[in-house]
Amino acid sequence: MLTLDRKDTPSMIDTTQTAIFVQNLRMSFSKRVGGSLLKPKIEHFPAVDDISFQVNRGEIYGILGPNGSGKSTLIRAISTLLIPDSGVVKIFGLDIKKDEAKIRKMLNRVSVDAAFYKKLSPRENLLYSAGLYGLPQKEAEQKSLDILKRLGLREKAFYEPLEEMSRGMQQKVAIARAFLASPIVVLLDEPTTGLDPKSRRDVQEFVLELRDVHDATIILTTHDMPEAERLCDRIAFIHNGKFVAEGTAAELVAKVGPGKTLEDAFIELTGDDLNSDEEEQ
Ligand SMILES: Nc1ncnc2c1ncn2[C@@H]1O[C@H](COP(=O)(O)OP(=O)(O)OP(=O)(O)O)[C@@H](O)[C@H]1O
Ligand SMILES: [Mg+2]
């Protein structure tokens, strides 16, 4: 069993409050839609369009949607990396605008775009992060190694440069880094995308353990329907920056009738297909 005991967070959090509270959140970007180089025609479009939801303590809440539907933007806004145009986000009653520093101590995000010092090893990267969190080095080293072994990374890789590791291996290091400081709220943006089936299973079991044993509240985005059904207590479908349905997997399936799957529900409720690609990059 991993040791992910928290020493400071219980006093920081007000457990009577909702773990994650999001109300009327809006976040728009601008893009050039024509005009000339000197006089570009710029349009603002909402990537997150008036989203409200709540996640209870100890829940795993899934956000499912096609490419470009706003999942990562929503996650980044909740994690204080983006400043929303309007709306409220509270973590255990703390407002992301007023209490950003406190929130950053209790929350962490894992995404596929994790930045590392690629010439350095996972050990060196993780010890550097541990230093930023103010964690004792020896304890952090043991904990990183425990998590990485738990995720199926061979010990030798712990000491080798990250640039020599596959994307899936780097993803595991990103997951280990996110859990070093034992966050009470974890935002997992496609944590299993690109992982082989065994690694995916290892990560999924780790996520369940974080909820069940370590009292974490988790938001998870995924394109994998079986994963959403296996892990998520509740799921929201997002489409064009809006939540179009929310409920347990069974409730979402029931909305579209007997004999249907979660993927059927997604397609019927959003009028879209998970493999469609709306991203313009
Ligand atoms: N930094 C940015 N500047 C401008 N537009 C952006 C930026 N980040 C995201 N967008 C746009 O916002 C929309 C939502 O993007 P987002 O990355 O949140 O989607 P997503 O649901 O996470 O997609 P995917 O499944 O591909 O990860 C897209 O139209 C995208 O092009
Ligand atoms: Mg994304």
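This passage describes the ligand site and the nonpolar cores of a predicted model.

The surroundings of ligand 1 come first. A shell of 15 residues encloses the ligand, and Gly68, Gly70, Lys71, Ser72 and Thr73 are the closest of them. By residue class, the shell comprises eight polar, four nonpolar and three charged members. Strand E2 (40-55) and helix H2 (71-78) each provide at least two shell residues, with H2 giving the largest share, three residues.

Several polar contacts can be picked out around the oxygen atoms of ligand 1. A polar side-chain atom of Asn67 sits 3.0 Å from one oxygen atom of the ligand, and a backbone N or O atom of Gly70 is likewise placed 3.0 Å from a ligand oxygen. For Glu190, an N or O atom of the side chain lies 3.3 Å from an oxygen atom of ligand 1. The ligand taken alone exposes 630 Å², of which the protein buries 74%.

Turning to the interior, nonpolar side chains in soluble globular proteins tend to be buried together. Here the largest nonpolar core holds 50 residues, and those touching the most other members are Ile60, Phe179, Leu188, Ile218, Ile235, Phe237 and Leu262. Helix H6 (residues 167-180) contributes the largest share of this core, eight residues. A second core, separate from the largest one, has 31 residues, among them Leu25, Val185, Ile219 and Ile238.

Ile235 offers a handy view of local packing. Beyond its neighbours within four places in sequence, Ile235 is in contact with Gly62, Leu64, Ala228, Ala245, Glu246, Gly247, Ala249, Leu252 and Leu262.

Technical notes: Residues are numbered from 1 along each chain as its sequence is written. Chains are lettered from A and ligands numbered from 1 in the order in which they are written. This is a predicted model: local features need pLDDT of at least 70, side-chain atom pairs count only at pLDDT 80 or more; totals for chains, interfaces and linings use all residues. Side-chain values use heavy atoms; hydrogens and water are left out. A nonpolar core is a set of buried Ala, Val, Leu, Ile, Met, Phe, Trp, Tyr and Cys residues joined through side-chain atoms within 4.5 Å. Buried means under 20% relative accessible area, exposed over 50%, partly exposed in between (1.4 Å probe, protein chains only). Helices (H or I, at least four residues) and strands (E, at least two) are DSSP runs, numbered from the N terminus. Contact means heavy atoms within 4.5 Å. A residue is near a molecule or strand if one of its heavy atoms lies within 4 Å of it. A polar contact is a pair of N or O atoms within 3.5 Å; within protein, one must be able to donate a hydrogen and the other to accept it, and residues adjacent in sequence count only if both atoms are side-chain atoms. Accessible areas come from the Shrake-Rupley method with a 1.4 Å probe; for residues, only the protein chains shown count as cover. Ala, Val, Leu, Ile, Met, Phe, Trp, Tyr, Cys and Pro count as nonpolar, Asp, Glu, Lys and Arg as charged, and the others, Gly among them, as polar.
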